[in-house]
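Here's a quick walk through how the helices in this model sit against one another. Have the structure open and follow along.

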Amino acid sequence: MTYKTKEQFIASKGLRRLGLVEYIKNLEHKGLSKLDVQAELLKNKVVASPRMLDLDWRFYEEVKDEVRWV
């Protein structure tokens with residue numbers, strides 16, 4: 001499914017996941033590599049642990065091409 005608006009994404013995936021996707025997309029637009037983005041997520045305590053980093057990163061990888069509003 002392609003998400004053209006934030007509202008569609010929130011209804012399907014939830015508000016927390018919206019923030020996560022926007023945060024990661026923003027870091028990627030700044031030119032950070034995958035490893036740098038993951039380090040920022042841990043450093044800024046966006047994710048609570050390396051285990052959650054893995055789960056959240058997998059989720060992001062699944063939906064990043066479906067997000068159209070960013």
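## Ground rules and the α1/α2 pair

Before any angles: an axis here is a line fitted to C-alpha atoms, for helices over the stretch in contact, and angles run from 0 to 180 degrees between N-to-C directions. Also keep in mind that this is a predicted model.

With that in hand, start with helix α1, which spans residues 6–13. It packs against α2 at an angle of about 125°, and the two axes are 7 Å apart. Angles over 145 count as roughly antiparallel and 65 to 115 as roughly perpendicular, so α1 and α2 end up oblique to each other. On the α1 side, the contact uses K6, F9, I10 and K13, and these meet L15, R17, L18, V21 and E22 in α2. Sorted by class, the residues of this contact come out as five nonpolar, no polar and four charged.

## α2 against α3

What angle do α2 and α3 pack at? It's about 130°, with axes 10 Å apart. That makes this pair oblique as well, and the crossing is right-handed. From α2 the contact takes L20, Y23, I24, L27 and E28, while α3 puts in V37, E40 and L41. The class split here is six nonpolar, no polar and two charged.

The loop between α2 and α3 is where you'll find K30. K30 is exposed, at a relative accessible area of 59%. If you want a long-range distance to check, K30 and V67 are 37 residues apart in sequence and 18 Å apart in space, C-alpha to C-alpha.

## The two sides of α3

Helix α3 covers residues 34–43, and V37, Q38 and L41 are buried in it. Why do these three sit on the same side of α3? Because they cover an arc of only 95° around the axis. Among the elements covering these buried residues are α2 (15–29) and α4 (50–63).

Turn to the face of α3 that points away from the buried side, and you get the exposed residues L35 and K43. Just past the end of α3, there's a backbone detail for anyone who likes Ramachandran plots: K45 takes a positive phi of about 55°.

## α2 against α4

Now for the pairing of α2 with α4. Their axes come within 10 Å and cross at roughly 75°, which makes α2 roughly perpendicular to α4. The α2 residues in this contact are R16, R17, L20, V21, I24, K25 and E28, and the α4 residues are D56, W57, F59, Y60 and V63. By class, that's seven nonpolar, no polar and five charged.

## D56, a closer look

D56 belongs to helix α4. Is D56 buried or exposed? Its relative accessibility is 2%, and the cut-off for buried is under 20%, so D56 counts as buried.

Which residues touch D56, once its neighbours within four places in sequence are set aside? They are R16, R17, L20 and V47. R16, R17 and L20 also turn up on the α2 side of the contact with α4. R17 is listed in the contact of α1 with α2 too, and L20 in the contact of α2 with α3.

Terms used:
Residues numbered from 1 in each chain as written. Predicted model: local features only at pLDDT ≥ 70, side-chain atom pairs only at ≥ 80, totals over all residues. Heavy atoms only, no water. Buried < 20%, exposed > 50% of the residue type's maximum accessible area, 1.4 Å probe, protein only. Helix = DSSP H or I, 4+ residues; strand = E, 2+ residues; numbered from the N terminus. Arc of directions from axis to C-beta. Contact = heavy atoms within 4.5 Å. Parallel < 35°, antiparallel > 145°, perpendicular 65-115°, else oblique. Left-handed = near helix turned anticlockwise from the far one by under 90°. Nonpolar A, V, L, I, M, F, W, Y, C, P; charged D, E, K, R; others polar.
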